[in-house]
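Trainee: I am new to this structure. Please take one part and walk me through it closely, then place it among its surroundings.

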Amino acid sequence: AKKGRVFSGARPTGRQHLGNYLGAMLNYVALQEDYDCIYCIVDVHALTTLETTLDLRQNTYEMALDWLAVGIRPEESIVFVQSHVPQVMELHTYLSMVTPLGKLTDLPTFKEKAREQPHNVNYGLVGYPVLMTADIVLYKADLVPVGVDQAPHLEFARETVRSFNHRYNTQVLIEPQMKVTQVPKVIGIDGQQKMSKSLNNHIELAATPEETRQRVMQMVTDPQRIRRSDPGNPDVCNVFSMHKIFSSPEQVEMVNTECRRAGIGCVDCKKLFAENLNHHLQPFRQRREEISQNPDFVWDVLKDGAKRASQIAEATMVEVRQAIGL
Ligand code: ADP
Ligand code: NA
């Protein structure tokens, strides 16, 4: 028997990168051992920002393909697209009625987004955490794997559940718990910012070995190390951080020592990392290639996932409508 139900959603950002892989996907795979997992491609959330509204279908497909290739097992876990189960929009509306507007506009993520896209501070953007709450509680998830940056959203979800249950004197909605997992914050090839597709500082999982090598060669290393003969400082080098994840302990030790005494140059150090990364991703890439021979398979998985998700969703909504008195 499993320990409970996990829900996690991610916007359809297309082909996944190393940040997604180390920060989310590996955890998704691991959680399947102990939990009933629901993994949702939240396409409606993607509409809250302008740039992600393009290629929604293609991005959904590519992301689902990566998820399947990495080892999310659709026979066990429910993998589906948010908009395929429209009950979430209905629940979102009901939850919005117990949500003070000020609480939403006070959230740090809202303030940040509003600064980023002042021309598009739409109603949906403000309500993003309400929709996120609806996602979680519609499926009666016990646990939500989140990074620390999402903690305020989960606390918001818990408060919203309490408000709803209190207002309608019911217990139908479950307060989700946060499952904090220590995941690395992966820095992009610029060596500075969080790896992200929108910053174009990412390394795609599905890239070819040659593309991967080229990307790795662009990685910014210790900025103080200018000439090959300068000793480097691995502690401030993102390539070294990657070695620690993808290289053998002996290689990490070698890089650590040799970099500090200029025994190894950045080019050779990067070549070694690229080689190890390509080796590590080889089974993933092969599996991805196999699945992509039959794109219908991916869409069938999502369709079947939506069917299973709908059953849970509709059962919850029957209770919710009854509790409200609709
Ligand atoms: P979303 O907005 O749906 O979270 P993202 O593409 O920003 O979409 O992220 C998807 C998942 O990958 C999230 O769990 C996020 O924390 C993780 N992730 C993305 N980029 C990184 C990164 N550079 N380092 C660690 N984790 C990351
Ligand atoms: Na994110």
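Mentor: Here is a close look at helix 1, followed by some other spots along the chain.

Start with confidence. This is a predicted model. The protein chain averages a pLDDT of 95, and 99% of the residues score at least 70. The model scores ipTM 0.93 and pTM 0.95. As a general caution, where pLDDT is low, the predicted coordinates should not be read in detail.

Now helix 1. It covers residues 18-31, which makes 14 residues. Check its length. At 1.5 Å a residue, helix 1 should span 20 Å. Its end C-alpha atoms are 19 Å apart, so the span agrees with the expectation. The helix also has a kink of about 40 degrees, centred on Ala24.

Which residues of helix 1 are buried? They are Leu18, Gly19, Asn20, Tyr21, Ala24, Met25, Tyr28 and Leu31. Keep the helical repeat in mind here. An α-helix has 3.6 residues a turn, so residues three or four places apart point the same way. Now look at the partners. The buried residues of helix 1 pack against two elements with low numbers, strand 1 (5-10) and strand 2 (36-41). They also pack against helix 3 (56-70) and strand 4 (143-146).

Ala24 turns up again at the ligand. Of the 15 residues around ligand 1, Gly19, Gly23, Ala24, Val186 and Met195 come nearest. Helix 1 gives the largest share of this shell, 5 residues. By kind, the shell divides into 6 nonpolar, 6 polar and 3 charged residues.

Strand 4 leads to the next stop. Lys140 lies in the loop between helix 8 (128-138) and strand 4. Its phi is positive, about 50 degrees, although Lys140 is not a glycine. Most residues other than glycine have a negative phi. Lys140 counts as partly exposed because it has 19 C-beta neighbours inside 10 Å. A residue needs 20 or more to be buried.

Asn200 also has a positive phi, near 50 degrees, and is likewise a residue other than glycine. Find Asn200 in the loop between strand 5 (177-180) and helix 10. Asn200 has 9 C-beta neighbours inside 10 Å, so it counts as exposed.

Go on to Asn233, in the loop between helix 10 and helix 11. Asn233 has 15 C-beta neighbours inside 10 Å and therefore counts as partly exposed. Asn233 touches Asp222 and Gln224, leaving out residues up to four places away in sequence. Thr221 is 12 residues from Asn233 along the chain, and their C-alpha atoms are separated by 9.0 Å.

Finish with helix 13 (266-292) and the loop before it. Arg261 lies in that loop, between helix 12 (249-260) and helix 13. Arg261 counts as exposed because it has 9 C-beta neighbours inside 10 Å. Arg261 and Tyr128 are 133 residues apart in sequence, and 51 Å apart in space from C-alpha to C-alpha.

Helix 13 has a kink too. The bend is about 45 degrees and lies at Gln282, shortly before the proline Pro283. Buried residues in helix 13 are Cys269, Lys270, Phe273, Ala274, Leu277 and Leu281. They pack against helix 10 (209-217), helix 11 (238-246) and helix 12.

Conventions. Residues numbered from 1 in each chain as written. Chains lettered and ligands numbered in written order. Predicted model: local features only at pLDDT ≥ 70, side-chain atom pairs only at ≥ 80, totals over all residues. Helix = DSSP H or I, 4+ residues; strand = E, 2+ residues; numbered from the N terminus. Expected span 1.5 Å × (residues − 1). Bend = angle between axes of the 7 residues up to and from the residue. Buried ≥ 20, exposed ≤ 12 C-beta atoms within 10 Å, placed from the backbone. Contact = placed C-beta atoms within 7 Å. pLDDT = per-residue confidence, 0-100. Near = placed C-beta within 6 Å. Nonpolar A, V, L, I, M, F, W, Y, C, P; charged D, E, K, R; others polar.
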